[in-house]
Amino acid sequence: MAAKRLLNDFESGLDQPKEKRTRARPFFTSVIGEVLMGNSLQNICTALEPMLRRVVNEEVESGIRSCTFTRSPSLRIQALEPSNLQLIFTKKLSLPIFTGTKIGDADNSPLQLLVVDKIGDQMVPTTLSCSIKVEIVVLDGDFPKGDCNTWSGKEFDKNIVRERPGKRPLIAGDVIVTVRDGFAVIGDIEFTDNSSWIRGRKFRLGARVVPGSRQDVSIRQAITEAFPVKDHRGELYKKHHPPMLKDEVWRLEKIGKEGVFHKKLASENINTVQEFLMLSIVDPQKLRTILGPGMSEKTWEVVIKHARECELGKKLYVLRGSNFTVTLNPICQIVRADIDGQTYAQRQLSNIDRSYIQNFVIQAYLNWISLEEVDGSLNETALLTQGEQNPNNQENMARAPVQLHGYYLTDKSSMDVGHADVGSSNWQMSGTYYDTPVDVGIGYCITESSPDSDTRPSSRPFNGS
């Protein structure tokens, strides 16, 4: 009966839905069997685990030892070869530098890079077997410390200056250049921000091999001298080196635009560098008086030195009279004189009595707008050869003075006048006439014994170049 009842219960369980079947209670014997089987399997795994670990480790190590890794030669890591190669900038920079303005060298030419082999204190230009990419970067002006000439690559990279937050890249343009045969020309590059926001207020330009472009040899980086970068609006007040004749007078060093000296000169109708130089030739004492005691001797020397760098150009000016023709350069220096049919070249003018020459210079200065303008380049050979055609000419002048309408030619040694080589940019002065610059020609200055007179020329603009 019991067996029949168990069979009926089993059959009835098959007829019930799946949900109800899962709720059926397991038999006691099956539960006991499952527990015993689980414990046995766990014990077996626990016993086998150390042995399995040891076998796996031995097999892995054996496989690693028997396996060799090979890499492509282009990806193989090699130690850098010791090298004395270095990048250098060939020339110093053209200063000052303003934002938005092309950066050039001291000759106003594009910057150039060179690869050199440094042997002791010597740098020998060299070439490379292949081209390299070089990056132009901005460095802190205080790097390297103490202007030492040694630094590591990490120190160089650490001192690269990046743009300020929210600003454009600090340097724009052709910042990546290709060096071929050890030489490269840097294209247009310019600063986009000034240097006032860093501690030293100065930058340097640096050049380094683009990271990853050359791994077989080490090439040391190049750096320039330290320099400030000013905002573009400061270029409006930039001093010109060298100044030009037509430049406004405040372009000279120590004369600020709308400053005290500028206003004093403007009040006397001295507005250009040419007018400044002319008065410094004709009457330097008057020019000093106009500038006043506020300009010290040291400042005066700086101004005059800068003005004397001016390029005079080729134009000449001719003063004509009944018995003379005098030729002057654009700043009222006599370069040639024809008097009573006698021609005196530039180097002979210092033999003529000073007061006689003084007369011509004053007359030319006061009547500048009426002088005839000629192209000096067409007459340059004639100016240098006139008066030298007769070899006895100078000898005869040395033997005896020659009277010229009450004035006398004198021996050159008795004249205390400044002089310089023709075409020279060096303004050589004698002790007495230190304030009178002379380049090509003879000027004069009014001394304290000279009669008072107004040596102000006409206010019409000059035509020098």
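This is a dialogue on how to read some features of a predicted model.

Biologist: Before we look at single residues, how many helices and strands does the protein chain have, and what percentage of its residues is buried?

Modeller: The model is predicted, and its secondary structure comes to 11 helices and 19 strands. Of the 465 residues in the protein chain, 37% are buried. The accessible surface is about 28000 Å², with 52% of that area belonging to carbon and sulfur atoms. As for contacts between residues at least 6 apart in sequence, 65% of them join residues that are at least 24 apart.

Biologist: How many residues of helix α6 are buried, and which helices do they pack against?

Modeller: As a general idea, an α-helix has 3.6 residues a turn, so residues three or four places apart point the same way. In this structure, helix α6, which spans residues 273-282, has 10 of its 10 residues buried, among them V273, Q274, E275 and F276. The buried residues of α6 pack against α5 (260-267), α7 (284-291), α8 (297-307) and α9 (354-366).

Biologist: Which residues make the nonpolar surface patch, and what is its area?

Modeller: The patch is made by L48, M51, L52 and V55, and its area is about 340 Å². M51 is found in helix α3, which covers residues 28-66, and with a relative accessibility of 39% M51 counts as partly exposed.

Biologist: What is the order of the strands in the open sheet, and which strands stand at its edges?

Modeller: The open sheet has 5 strands in the order β16-β15-β14-β13-β17, and the pairing is antiparallel. β16 (342-344) and β17 (372-375) stand at the edges, and because each has a single partner strand, one side of each is left without a neighbour in the sheet. Neighbouring strands of this sheet are turned against each other by 20 degrees on average, with direction ignored. Inside the sheet, β14 (residues 324-328) and β15 (residues 334-339) pair in the antiparallel sense over 5 bridges, and the bridge partner of F324 in β15 is I339. Helix α9 lies across β13 (315-320), β14 and β15, and runs at about 110 degrees to β15.

Biologist: How many salt bridges does a search of the whole structure find, and how should I read a single pair?

Modeller: Side chains of opposite charge can pair when their charged atoms come close. The search finds 10 salt bridges in the whole structure. In one of them, R208 pairs with D157, with the closest N and O atoms 2.8 Å apart. Because R208 lies in strand β10 and D157 in helix α4, this pair ties together parts that are 51 residues apart in sequence. R208 counts as buried at 11% relative accessibility, whereas D157 counts as partly exposed at 39%. E135, D157 and R208 are linked in a network of salt bridges.

Biologist: Which residue forms a salt bridge with E373, and which strands do the two partners lie in?

Modeller: E373 forms a salt bridge with K315, and the closest N and O atoms are 3.2 Å apart. E373 lies in strand β17 and K315 in strand β13, so the pair ties together parts that are 58 residues apart in sequence. Both partners count as partly exposed, E373 at 35% relative accessibility and K315 at 27%.

Biologist: Is R199, which forms a salt bridge with D142, buried or exposed?

Modeller: R199 counts as exposed, at 70% relative accessibility, while D142 is partly exposed with a relative accessible area of 30%. The closest N and O atoms of R199 and D142 are 3.9 Å apart. The pair links distant parts of the chain, with R199 in the loop between β9 (189-191) and β10 (203-209) and D142 in the loop between β5 (132-140) and α4 (153-158), 57 residues apart.

Terms used:
Residues are numbered from 1 along each chain as its sequence is written. This is a predicted model: local features need pLDDT of at least 70, side-chain atom pairs count only at pLDDT 80 or more; totals for chains, interfaces and linings use all residues. Side-chain values use heavy atoms; hydrogens and water are left out. Buried means under 20% relative accessible area, exposed over 50%, partly exposed in between (1.4 Å probe, protein chains only). Helices (H or I, at least four residues) and strands (E, at least two) are DSSP runs, numbered from the N terminus. Contact means heavy atoms within 4.5 Å. Patches are made of residues with over 30% relative accessible area and no salt bridge: like charges are joined within 9 Å, nonpolar side chains (Val, Leu, Ile, Met, Phe, Trp, Tyr) within 5 Å. Accessible areas come from the Shrake-Rupley method with a 1.4 Å probe; for residues, only the protein chains shown count as cover. A salt bridge is a side-chain nitrogen of Lys or Arg within 4 Å of a carboxyl oxygen of Asp or Glu. Two strands pair if DSSP finds at least two bridges between them. Axes are lines fitted to C-alpha atoms, for helices over the stretch in contact, and angles run from 0 to 180 degrees between N-to-C directions.
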